[in-house]
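Visitor: I should like to learn how to read a structure such as this one. Please show it to me.

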Amino acid sequence: NVFFGGSLSQIREHHAPWLLATVWTLQGHFPLAIDLLTKVLETSPRDVRLWHALGRAWSISGQRHLLPSLCENLETLPQGHIFSLLLQIDDRIHYHETEGLGERIDRLIEMAPALPRARLLRIEYLYQSKATVTEYLAACREALRLLPNHQGIRNQIAAVEQALAQRVRNG
């Protein structure tokens with residue numbers, strides 16, 4: 001469950017558009033998401049979540065060339081350096097560009113140790129970079145500490161452990 005505190009107007013003017021734009025991005029309705037986020041940012045130019053969501057929409061829709069200037073703008077906002085790095089990592093993961101990404105993810109986790117998304121990105125990075133099973137399982141278990149009810153991570157751990165057990169049985 002997601003709870004957003006604040007007044008009804010804050011929910012209507014900030015949280016709801018952010019969530020709607022995120023859904024539209026995930027559904028591939030990029031022009032709608034980008035248009036909505038751009039409009040909301042006109043009245044809320046210091047909202048890092050909105051900037052990050054706009055960057056994700058640009059990245060996923062193939063407009064990566066717009067990210068450097070967005071990241072520069074993000075860096076000037078409170079906690080913007082965290083969201084800027086998160087956006088850069090999200091973009092590289094999306095396009096399977098894993099070279100040197102491990103260090104960036106480590107830096108993000110160091111900067112924001114309670115940020116669950118950073119742990120999920122580490123899992124995806126390790127999967128894409130074909131890390132060892134031990135490293136992958138350790139990352140899954142570490143993420144599970146922050147997200148104890150995340151069924152996807154639990155399923156990943158169970159699948160890997162089952163495959164390992166099958167390998168041992170088969171010799």
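Visitor: Which residues does Ile153 touch, not counting residues up to four places away in sequence?

Guide: Contact means heavy atoms within 4.5 Å. By that rule Ile153 touches Leu120, Ile123, Cys140, Ala143, Leu144 and Leu147, leaving out residues up to four places away in sequence. This is a predicted model, where local features need pLDDT of at least 70, side-chain atom pairs count only at pLDDT 80 or more, and totals for chains, interfaces and linings use all residues. Residues are numbered from 1 along each chain as its sequence is written, and side-chain values use heavy atoms, with hydrogens and water left out.

Visitor: Which residues touch the most other members of the largest nonpolar core?

Guide: In soluble globular proteins, nonpolar side chains tend to be buried together. Here the largest nonpolar core (buried Ala, Val, Leu, Ile, Met, Phe, Trp, Tyr and Cys residues joined through side-chain atoms within 4.5 Å; buried means under 20% relative accessible area, with a 1.4 Å probe and protein chains only) has 48 residues. Leu54, Leu74, Ile89, Leu108 and Ile153 touch the most other members.

Visitor: Is Arg119 buried or exposed?

Guide: Arg119 has 9% relative accessibility, and therefore counts as buried. Arg119 lies in helix α7, residues 116-128 (helices are DSSP runs of H or I, at least four residues, numbered from the N terminus). Its contacts, not counting residues up to four places away in sequence, are Ile109, Pro113, Glu142, Ala143 and Leu146.

Methods: Buried < 20%, exposed > 50% of the residue type's maximum accessible area, 1.4 Å probe, protein only. Helix = DSSP H or I, 4+ residues; strand = E, 2+ residues; numbered from the N terminus.
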